[in-house]
Amino acid sequence: MGIPVGKLSLYTALGGVRPSACLPITIDVGTNNEQLLNDEFYIGLRQRRATGEEYHELMEEFMDAVKQIYGEKVLIQFEDFANHNAFDLLAKYSKSHLVFNDDIQGTASVVLAGLLSSLKVVGGTLAEHTYLFLGAGEAGTGIAELIALEISKQTNAPIEECRKKVFLVDSKGLIVSSRKNSLQPFKTSWAHEREPVTTLLDAIKSIRPTVLIGTSGVGRAFTKEVIEAMASFNERPVIFSLSNPTSHSECTAEEAYKWTQGRAVFASGSPFDPVEYDGKIRVPGQANNAYIFPGFGLGVVISGAIRVHEDMLLAASETLAAQATQENFDKGSIFPPFTNIRKISALIAASVAAKAYELGLATRLPRPR
């Protein structure tokens, strides 16, 4: 319950959403944890986890009830759902409800903002870079899809073409077309025609990416060899180590700077202290979802939007990226300072709301000036 309460506190603190308009909900479908099932003080539902038909019926009943009670314009944020459920629920309900999954869409939007912002440092367009992910779960595939969407929007190329700039490595190695039959459905779009390789280092040598993104939850997976390989053919390698908490981060800020002789453009999911390298202080940026979701939610609610469209996520990313200044880049950060978050949230809300009107999804009419 701490999670929905905490997220809604941030909606208010960072996005200015009225607390009385927020309702934290936990959907309890039981647990398979023996210790909890036998604990006399366990306050949750004392039964094995519901799955399959039973689970989906409960979700459907809940989703229908929320809409019936609060109307078409209630924003339902999914948080911490298991991978397979998260994608299924988002795909199913985004057509009929106003839904947002922070793990998939919020993460993707803030990371895309970091990439757009890092282009001002490394040069080139989004389409001119090649992206390699370690980790192909909700976060990894969500970010990958948003990158492809933005490239498609910028170049007018079909999304299938744009996906070919993005490669993913999961626990079994590079996702390639020869593995298609054994892949989970949400990974199949990323199965490209390539020779299969099993390690991240081999994937880097084969693909020669300009951007390396970690969403694996595996601490220290970006080894010295991996980062030195990135630095060997990139003047300014872009390295995002996004896993939380700090112990799970793929590498530390210090390692990223040290192993690239201070050339890395670095961002992380966990907070890192400023790093001194070669007499220069670098302040690593944190790709924190709190940059996006409070302002995003505010924009959706104030416009009376009835659906979340991916163009609204792209608008949020572009707005956040535009807030990063040369002063931030000089310090080594590709994100604006978090102390400006109320202003950033207001700007994101405005651009998301404007996009909702443009797409014909807003109901608060006439459109305010």
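Is Lys224 buried, partly exposed or exposed? At a relative accessibility of 38%, Lys224 counts as partly exposed, since the intermediate class lies between the buried limit of under 20% and the exposed limit of over 50%. This value, like the others in this report, was computed from a predicted model.

## Overall architecture

The secondary structure of the chain amounts to 14 helices and 11 strands. Its radius of gyration is 21 Å, close to the 21 Å that the globule rule gives for 369 residues, so the chain is as compact as a globular protein of that length. The C-alpha trace spans about 60 × 55 × 45 Å along its principal axes. Of the 369 residues in the chain, 51% are buried.

Val300 is one of the buried residues, with a relative accessible area of 1%. This valine belongs to helix 11, which covers residues 293-303. Val300 and Ala362 are separated by 62 residues in sequence, while their C-alpha atoms are 8.2 Å apart in space.

## Salt bridges

A search of the whole structure finds 15 salt bridges. Three of the pairs are listed below with their N to O distances and the accessibility of each partner.

| Salt bridge | N to O distance | Relative accessibility of the partners |
|---|---|---|
| Lys224 and Glu228 | 3.0 Å | Lys224 38%, Glu228 35% |
| Glu161 and Lys164 | 3.1 Å | Glu161 43%, Lys164 47% |
| Lys331 and Glu327 | 3.7 Å | Lys331 41%, Glu327 53% |

The side chains of Lys224 and Glu228 meet in a salt bridge. Both residues belong to helix 9 (residues 224-233), and because they are 4 residues apart in this helix, about one helical turn separates them. Glu228, at 35% relative accessibility, counts as partly exposed, and Lys224 is also assigned to the partly exposed class.

In the salt bridge between Glu161 and Lys164, Glu161 is partly exposed, and Lys164 is likewise partly exposed. The bridge between Lys331 and Glu327 brings together two classes of accessibility: Lys331 is partly exposed at 41%, whereas Glu327 counts as exposed because its 53% is over the 50% limit. Elsewhere, Lys7, Glu79 and Asp102 are joined into one network by salt bridges that share partners.

## Surface patches

Which residues gather in the patch of negative charge on the surface? The patch consists of Glu53, Glu54, Glu57, Glu61 and Asp64. Glu53 has its place in helix 3, which comprises residues 52-70. With a relative accessible area of 59%, Glu53 is exposed.

Helix 3 also holds Ile69, a member of a nonpolar surface patch formed with Leu23, Ile25 and Tyr70. Together these four residues present about 440 Å² of accessible area. Ile69 counts as exposed, at 63% relative accessibility. Helix 3 therefore carries Glu53, an exposed residue of the negative patch, as well as Ile69, an exposed residue of the nonpolar patch.

## Backbone features

Two cis peptide bonds precede prolines in the model. One joins Asn244 and Pro245, with omega at about -20 degrees. Pro245 is located in the loop that links strand 7 (238-241) to helix 10 (253-258). Another cis peptide bond joins Leu365 and Pro366, where omega is about -5 degrees. Pro366 falls in the segment after helix 14 (341-358).

Where does Asn156 lie? Asn156 is placed in the loop between helix 6 (138-155) and helix 7 (159-163). Although not a glycine, Asn156 has a positive phi of about 60 degrees. Its relative accessibility of 69% makes this asparagine an exposed residue.

Gln261 also adopts a positive phi, of about 55 degrees, without being a glycine. This glutamine lies in the loop between helix 10 and strand 8 (265-268). At 49% relative accessibility, Gln261 counts as partly exposed, because a residue must be over 50% to be classed as exposed. Helix 10 is thus flanked by the loop that holds Pro245 and by the loop that holds Gln261.

How values were computed
Residues numbered from 1 in each chain as written. Predicted model: local features only at pLDDT ≥ 70, side-chain atom pairs only at ≥ 80, totals over all residues. Heavy atoms only, no water. Patch = residues over 30% accessible without salt bridge, like charges linked within 9 Å, V, L, I, M, F, W, Y side chains within 5 Å. Areas by Shrake-Rupley, 256 points an atom, 1.4 Å probe, with all protein chains shown as cover. Lys, Arg positive; Asp, Glu negative; His and termini not counted. Charge placed at Lys NZ, Arg CZ, Asp CG, Glu CD. Helix = DSSP H or I, 4+ residues; strand = E, 2+ residues; numbered from the N terminus. Buried < 20%, exposed > 50% of the residue type's maximum accessible area, 1.4 Å probe, protein only. Rg over C-alpha atoms; globule rule 2.2 N^0.38 Å.
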